[in-house]
Amino acid sequence: MAVRIIETQSPEETFLLGKSIGEAAVPGQIYTLHGDLGVGKTLFTQGVAAGLGISGVVSSPTFTILQVYEDGRLPFYHFDVYRIADIEEMEELGYDDCFFGEGITFIEWAERIEEIIPENHISITIEKNLERGFDYRRITIEE
Ligand code: ADP
Ligand code: MG
């Protein structure tokens, strides 16, 4: 397992890190995103979408669970499972077509659906440290 730790000092830097991930992403990759509310998961994901060449606005799919973007280099499946009640709901959404398809999957709050996350995924954790300032973020990428 490789672990990369990147520290960012601004929203722009986090966006650009996401963008570089989007540019390098390959079909079938599954990313889980971890971190408290307001830490920057959606902002990071917006960077990924930009890196995939997606032009539309990427907002947090908290109320819809899943947003699909098909106008980029690869299909992009953005899940926010914060409000998921049970795994059945994921099945109703047809999550396996996303996870095991030719696109890129990003899952915010993935720990809520741990039992269906394939072992072979990339985990991204974003953390604040207020001693380092309001805009500091520590981003850990494990794959
Ligand atoms: P989440 O999806 O984790 O709830 P959001 O991406 O919606 O969080 O919001 C993150 C907020 O934190 C934004 O308002 C953003 O401007 C702010 N922010 C400040 N510094 C950073 C940073 N270094 N990286 C990411 N976001 C930051
Ligand atoms: Mg969010």
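Is Glu 127 buried, exposed or partly exposed, and what is its relative accessible area? In this predicted model, Glu 127 has a relative accessible area of 35% and is therefore classed as partly exposed, since that class lies between the 20% limit for buried residues and the 50% limit for exposed ones.

Glu 127 takes part in a salt bridge with Arg 138, with a nitrogen-to-oxygen distance of 3.7 Å. The two partners belong to separate strands, Glu 127 to β6 and Arg 138 to β7, and are eleven residues apart. Arg 138 is likewise partly exposed, its relative accessible area being 33%.

The structure contains two salt bridges. Besides the pair just described, Glu 7 bridges to Arg 132, and their closest N and O atoms are 3.5 Å apart. Glu 7 is located in strand β1 (residues 3-8), whereas Arg 132 is in the loop between β6 (122-128) and β7 (137-142), so this contact ties together parts separated by 125 residues in sequence. Glu 7 counts as partly exposed at 38% relative accessibility, and Arg 132 also counts as partly exposed, at 44%.

The metal site brings in other elements of the chain. Thr 42, through OG1, and Glu 108, through OE, coordinate the magnesium ion (ligand 2) at 2.2 to 2.7 Å. Thr 42 lies in helix α2 (residues 41-51) and Glu 108 in strand β5 (residues 104-108), so that the pair links distant parts of the chain, 66 residues apart. Both Thr 42 and Glu 108 are buried, whereas the salt-bridge residues Glu 127 and Arg 138 are partly exposed.

Terms used. Residues are numbered from 1 along each chain as its sequence is written. Chains are lettered from A and ligands numbered from 1 in the order in which they are written. This is a predicted model: local features need pLDDT of at least 70, side-chain atom pairs count only at pLDDT 80 or more; totals for chains, interfaces and linings use all residues. Side-chain values use heavy atoms; hydrogens and water are left out. Donors are N, O and S atoms within 2.8 Å of the metal (3.2 Å for Na, K and Ca); water is not among the atoms, so sites may look incomplete. Helices (H or I, at least four residues) and strands (E, at least two) are DSSP runs, numbered from the N terminus. Buried means under 20% relative accessible area, exposed over 50%, partly exposed in between (1.4 Å probe, protein chains only). A salt bridge is a side-chain nitrogen of Lys or Arg within 4 Å of a carboxyl oxygen of Asp or Glu.
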